[in-house]
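Colleague: I would like to go through this model and ask what lies behind the labels. Please show it before we start.

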Amino acid sequence: MRTLSREAVERLGSPLAIRVDFHEEIVSTQRRARQLAREGAPHGMLVISKVQKGGRGRLERSWVSPSGGIWMSLVLRPKLPSHLTPRITQAAAVGVATALWSLGVEARIKWPNDLLVAKPDEDMGRKICGILAETGTTNLSAKRLGTGDDNRVDFVVLGIGLNANLDPEDLNVPDREVATLRSELGRDVDLIELLGTLLSGLDVELGRIEDFGAVLDDWRALDCTLGKLVRVERFGEVLVGRAADLTPEGALLLETPEGTVKLFEGEVEHLRQEGT
Ligand code: BTN
């Protein structure tokens with residue numbers, strides 16, 4: 001059972017780890033990767049740490065990252081105009097979900113890119129992996145995905161936090177909201193093998209980002225949001241409605257009593273269906 005080490009990560013030989021910045025402990029791999037990207041780090045640079053002391057998630061929430069998880073950020077330099085970079089988060093979600101299924105964990109995607117698992121008697125799902133993609137410009141401050149113009153972005157930092165060899169109680173989040181590979185498989189996994197599987201899944205999906213229809217077909221097959229009643233918070237506004245469909249660009253079409261709203265971003269909460 002291997003744990004993380006620089007040598008073992010480098011030996012994976014992944015195109016998404018062509019350069020490895022390995023840490024025993026760091027504040028945040030995301031922060032470090034953004035700094036390296038601004039300084040010119042190449043596509044495929046991987047920043048990974050056994051522990052993060054100041055990991056962060058979407059909306060500046062903290063992301064608890066003790067030893068036993070995969071806490072990593074990838075520097076990507078996609079050849080895409082900035083308005084198409086949100087594709088990266090959905091492709092990444094498919095890549096991670098595929099890797100989890102190959103381990104026997106039936107993860108589903110909550111729009112746009114949270115990975116949830118649920119036992120047959122659970123209808124809400126517990127989060128096992130979070131994905132955070134941020135665009136940036138070399139030597140300028142980073143900006144959130146999806147807000148840019150048609151210019152190419154210089155880089156995207158794709159952060160992935162996967163709860164692996166941990167107990168849900170290690171994460172300071174209510175147990176009903178969080179899952180780990182250990183809680184789902186009942187055993188620990190070889191973290192190097194897991195990382196290799198994860199990087200391969202990401203490499204495949206990011207490699208077909210220009211064929212986004214195919215990525216979205218796979219996204220739909222793994223989805224657990226469409227058809228559900230959801231509450232969405234977006235720019236301080238709260239919308240409630242049924243998640244009806246995706247547009248060809250992956251935006252969520254939400255049917256509300258006031259009409260259909262197209263969402264490019266937002267924090268989605270699945271609501272309990274009547275009678276459950
Ligand atoms: C989310 O809110 O769901 C996204 C969580 C992203 C967490 C990962 S862990 C590795 C990387 N470093 C960070 O500080 N955040 C991301």
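Modeller: What follows is a set of questions and answers on a predicted model.

Colleague: Why is aspartate 21 called buried?

Modeller: Its relative accessibility is 12%, and buried means under 20%. Aspartate 21 therefore counts as buried. The residue belongs to strand 1, which covers residues 19–26.

Colleague: What makes the pairing of aspartate 21 with arginine 32 a polar contact?

Modeller: The two side chains approach to 2.8 Å, and the cut-off for a pair of N or O atoms is 3.5 Å. The pair therefore falls within the limit. Beyond its neighbours within four places in sequence, aspartate 21 is in contact with Arg32, Leu36, Met45, Leu46, Val47 and Ile48.

Colleague: Why does arginine 234 count as buried or exposed?

Modeller: Arginine 234 has a relative accessible area of 18%. The limit for buried is under 20%, so arginine 234 is buried. Strand 9 (residues 229–234) contains arginine 234. With residues up to four places away in sequence left out, arginine 234 touches Leu239, Val261, Lys262, Leu263, Glu265 and Gly266.

Colleague: And what makes alanine 243 buried?

Modeller: The value for alanine 243 is 1%, set against a limit of under 20%, so alanine 243 is buried. Alanine 243 sits in strand 10 (residues 237–246). Its contacts, not counting residues up to four places away in sequence, are Thr225, Leu226, Gly227, Lys228, Val230, Leu252, Leu253 and Leu254.

Colleague: How far from alanine 243 is histidine 270, in sequence and in space?

Modeller: The two are 27 residues apart in sequence, and their C-alpha atoms are 9.5 Å apart.

Colleague: Which residues have the most contacts inside the largest nonpolar core?

Modeller: They are Met72, Leu115, Ile128, Leu158 and Leu202, in a core of 67 residues. Helix 3 (residues 87–102) contributes the most to this core, with nine residues. At least three residues come from each of domain 1 (6–222) and domain 2 (229–270). Another core lies apart from it; this one has nine residues, including Leu36, Val47, Val75 and Val157.

Colleague: What is isoleucine 128 in contact with?

Modeller: Neighbours within four places in sequence aside, isoleucine 128 is in contact with Leu100, Val105, Leu115, Val117, Gly161, Leu162, Asn163, Ala179, Thr180, Leu181 and Glu184.

Colleague: How do you know where the domains lie, and how far apart are their C-alpha centres?

Modeller: The domain assignment gives domain 1 (6–222) and domain 2 (229–270). Their C-alpha centres lie 23 Å apart. Domain 1 puts 18 residues into the contact and domain 2 puts in 15 residues.

Colleague: Which residues are closest to the ligand?

Modeller: Ser28, Gln52, Arg56, Arg58 and Lys127 are the closest of the 19 residues that surround the ligand.

Colleague: What makes the approach of serine 28 to the ligand a polar contact?

Modeller: An N or O atom in the side chain of serine 28 is 2.8 Å from an oxygen atom of the ligand. The limit is 3.5 Å, so this pair qualifies. Arginine 56 offers a backbone N or O atom 2.7 Å from a nitrogen atom of the ligand. A polar backbone atom of arginine 58 lies 2.7 Å from an oxygen atom of the ligand. By the 3.5 Å limit, these pairs therefore qualify too.

Colleague: How much of the ligand's accessible area does the protein cover?

Modeller: The protein covers 98% of the 410 Å² that the ligand has on its own.

Technical notes:
Residues numbered from 1 in each chain as written. Predicted model: local features only at pLDDT ≥ 70, side-chain atom pairs only at ≥ 80, totals over all residues. Heavy atoms only, no water. Core = buried A, V, L, I, M, F, W, Y, C linked by side-chain atoms within 4.5 Å. Buried < 20%, exposed > 50% of the residue type's maximum accessible area, 1.4 Å probe, protein only. Helix = DSSP H or I, 4+ residues; strand = E, 2+ residues; numbered from the N terminus. Domains from an automatic or database assignment. Contact = heavy atoms within 4.5 Å. Near = heavy atom within 4 Å. Polar contact = N/O pair within 3.5 Å; in protein donor to acceptor, adjacent residues only side chain to side chain. Areas by Shrake-Rupley, 256 points an atom, 1.4 Å probe, with all protein chains shown as cover.
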